Amino acid sequence: MSSHHPEAIAGIKEKIATSTRILVRERLIGPFGHPSTRIPGTDLVAVLGHTHDDVKDLAETDTEDVVVMDLDGEVVEGTMEAPGERFMHTEIYKARPDVGAVIHAHPMHCIAFSITDVPLAPVWHLCTLFADGVPIYDSAVQIDNPERGRSVAAALGDRKGVLLKGHGLTVVGTSIEEATVSAVNLERSARLQIMAGGLGAVEAIDRAELTGEMLTDGLTLEEYTHTQWDYWAMEIG
């Protein structure tokens, strides 16, 4: 399948399983939603399989629930089918060589912003990676074919995330750890923005306080990603 050793592939699958368990705990995914990551040095992607027909709590996701697919969405390793909306992943990977991982989720507070004219704003110091804005894909349809996948990739452009109107959220990152942390933080920031809006005018964090990586000054991407990922991975066991 690739030049990677089986142990390396197993480690990549374990990261997808860990991401899934974190996203379930944070209520970003349930019976729908899926994380994926590129397998470095290949045109292959590890992704959570199509679990809808399995009677299993996704909080118990393990490596057996992860499949490997090519960029046409065809499974090349694993016993499950790839998720129906796999084309959202494959077409983003084709369009964005810089993207190493994709999270598709259905968090309620982010969805609320997809159906209003109020933009998500960088209101939380752990969510400034999205300070350039989060565009909206103006349709609630399932992304179940390559054409729709390309449309989502086009709506995403060069941003870190895109809202799907009345549907969900898709976030990208250089790694599965970064994409997972970013997806969770965007939903938390959306919830905070809604809460603060009930108190008065919401003020975004000043762009002058951000670094070239769009992080709050004083925070490195390594700290942002692995401090949170490691903590959450420990919590879910």
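These notebook entries record what I looked up on salt bridges and strand order in a predicted model.

**Entry 1. Sheet**

I began with the sheet and asked in what order its strands lie. I found 8 strands in an open sheet with mixed pairing, ordered β4-β3-β2-β1-β5-β8-β7-β6. At its edges I noted β4 (75-77) and β6 (136-137); each has a single partner strand, so one side of each is left without a neighbour in the sheet.

I then examined the pairing of β7 with β8. These strands run antiparallel and are joined by 4 bridges, with β8 covering residues 168-173. I recorded that Leu164 stands opposite Gly168 of β8.

**Entry 2. Helix α5 on the sheet**

Next I looked up which strands α5 lies across. I listed β1 (34-38), β5 (101-105) and β8, and the helix runs at about 140° to β8.

**Entry 3. Salt bridges of helix α5**

I counted the salt bridges and obtained 15. I followed Lys15 and Glu177, whose side chains form one of them, at 2.9 Å from N to O. The two residues are 162 apart along the chain and link distant parts of it: I placed Lys15 in helix α1 (residues 6-25) and Glu177 in helix α5 (residues 176-197).

I asked whether each partner is buried or exposed. Glu177 has a relative accessibility of 7%, and because buried means under 20%, I entered Glu177 as buried. Lys15, at a relative accessible area of 36%, I entered as partly exposed.

I turned to Lys160, which forms a salt bridge with Glu178; their closest N and O atoms are 2.4 Å apart. This pair also links distant parts of the chain, 18 residues apart, with Lys160 in the loop between α4 (146-156) and β7 (161-164) and Glu178 in helix α5. I noted both Lys160 and Glu178 as buried.

**Entry 4. Asp158 and Arg159**

I checked Asp158 and found it in a salt bridge with Arg159, the closest N and O atoms lying 3.7 Å apart. The cut-off is 4 Å, so I kept this pair in the list. For accessibility, I recorded Asp158 as exposed at 64%, whereas Arg159 is partly exposed at 29%.

**Entry 5. A network**

Lastly, I asked which residues are linked in a network of salt bridges. I wrote down Arg25, Glu26, Arg188 and Glu235.

Definitions and conventions: Residues numbered from 1 in each chain as written. Predicted model: local features only at pLDDT ≥ 70, side-chain atom pairs only at ≥ 80, totals over all residues. Heavy atoms only, no water. Buried < 20%, exposed > 50% of the residue type's maximum accessible area, 1.4 Å probe, protein only. Pairing = 2+ DSSP bridges. Contact = heavy atoms within 4.5 Å. Axes fitted to C-alpha atoms, helices over the stretch in contact; angles between N-to-C directions.
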